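Reader: I'm new to reading structures. Could you walk me through this one and tell me how you know what you say?

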Amino acid sequence: PDNDLRGLWKSDPFDAPHIRPNLTYPIVNPNTGETHFPPKGRCWRVSQEKFSALLADNRIVWSSNGNGRPQLKVFYEEKKEYGSIDNSWFSADRIGTATSATKELMSLFEGVAYFDTPKPTSLLTKLITLANVGSDDIILDFFSGSATTAHAVMELNAEDGGNRRFIMVQLPELCGEKTEAYKAGYANICEIGKERIRRAGRKILEQWEETHEASDDKLDVGFKVFKLDTSNLATWDNTPIPEDQLELFYERMNQMIDDIKPDRTDMDVVYEVMLKLGVPLDIPVTHMELNGKTIYVVDDYLLLICLADNITAEDMEAMAEYAPAKIICAETGFADDSALSNAHYILRDRSIELKLV
């Protein structure tokens, strides 16, 4: 600032690349009388006539406190539309503090934070922005803690209509029995993180819907939770499948397996089958009812999985109508050997692969 009515400014070099005869001329510093020429291999930015006009307009300043070379006065108001390059100084007023992060958590958990040193969502939003993450990219946080990163991703999507996704990874560190988190029913910090995503997602969605009542757009704040564990099937425990041994996997799948662990659900088995087949876990999985049986639909009918009992030839006919590439069923789920034999023929004639678990 120097009381110039045009406002804040900074000085830019007055020389430019290359050499052009009409841009090569002497400039005299009026403060010292010293004559300056462009540096070797360069020229001045404008012609001599335009330089005189800039000098008269108080647009030329001199380096070294007025004793050096000419520089161009560039005003903020003229350049602000081009944006600015960020810097690495993250002040509290720009990206928040641990205190503001604690208040964020307290606003979601009825006045309790549950974490001692949470990060503000504004910090994660800034980092994601600085990383130039695309609107459809995936943000991975290997030490997700209270899931601030997930919260920030959902907020960014709500702001700009993006479809960013997040992967949060966290060891299930136990909450001490004397902590407020444990008393509130959270056994480990993963449970706190999951609940934070649910509550933040609901809040963001409610605010978004208030401003998009007339829009057909949808904001997705849903997420899936996976836990690292042993196989859902006892016979599949500790049986990694090398990439060059897929045939061995198919042989195992064709064995009779009826020992799903008692604490596992059909969806647990569905996702394990997807993993062993190399199907990404972010592929949509829905379900439908056919002849009173639940059928799990993977990737828009590319794969159908039926773990029901008493599967008949009629059930296979009904599933085949959706023309999947592959159908997977529990071998012990067929009504009898005849139903199993007929299933092979029904699907073979339609070029649909049958796999048994």
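Author: Sure! Keep in mind that this is a predicted model. Let's begin with E1 and strand E7 (residues 70-75), which pair in the antiparallel sense over five bridges.

Reader: What makes E1 and E7 count as a pair?

Author: Two strands pair if there are at least two bridges between them. E1 and E7 have five bridges, so they pass that cut-off. One of the links joins Ser11 to its bridge partner in E7, Lys73.

Reader: Why are E1 and E6 said to stand at the edges?

Author: The open sheet has three strands in the order E1-E7-E6, with antiparallel pairing. Strand E1 (9-13) and strand E6 (60-62) each have a single partner strand, so one side of each lacks a neighbour in the sheet. On average, neighbouring strands here are turned by 45° against each other, direction ignored.

Reader: What lies across E6 and E7?

Author: That's helix H1 (residues 48-56), running at about 80° to E6.

Reader: Why is the pairing in the sheet of E10-E11-E12-E13-E14 called mixed?

Author: Strands of a sheet can pair either parallel or antiparallel, so there are two senses to mix. This open sheet of five strands has mixed pairing, and its parallel part includes strand E12 (residues 303-306) with strand E13 (residues 326-329), joined by four bridges. Within that pair, Leu304 has Ile327 of E13 as its bridge partner.

Reader: Which helix lies across E10, E11, E12, E13 and E14?

Author: Helix H12 (residues 313-320) does, running at about 145° to E13.

How values were computed. Residues are numbered from 1 along each chain as its sequence is written. This is a predicted model: local features need pLDDT of at least 70, side-chain atom pairs count only at pLDDT 80 or more; totals for chains, interfaces and linings use all residues. Side-chain values use heavy atoms; hydrogens and water are left out. Helices (H or I, at least four residues) and strands (E, at least two) are DSSP runs, numbered from the N terminus. Axes are lines fitted to C-alpha atoms, for helices over the stretch in contact, and angles run from 0 to 180 degrees between N-to-C directions. Contact means heavy atoms within 4.5 Å.
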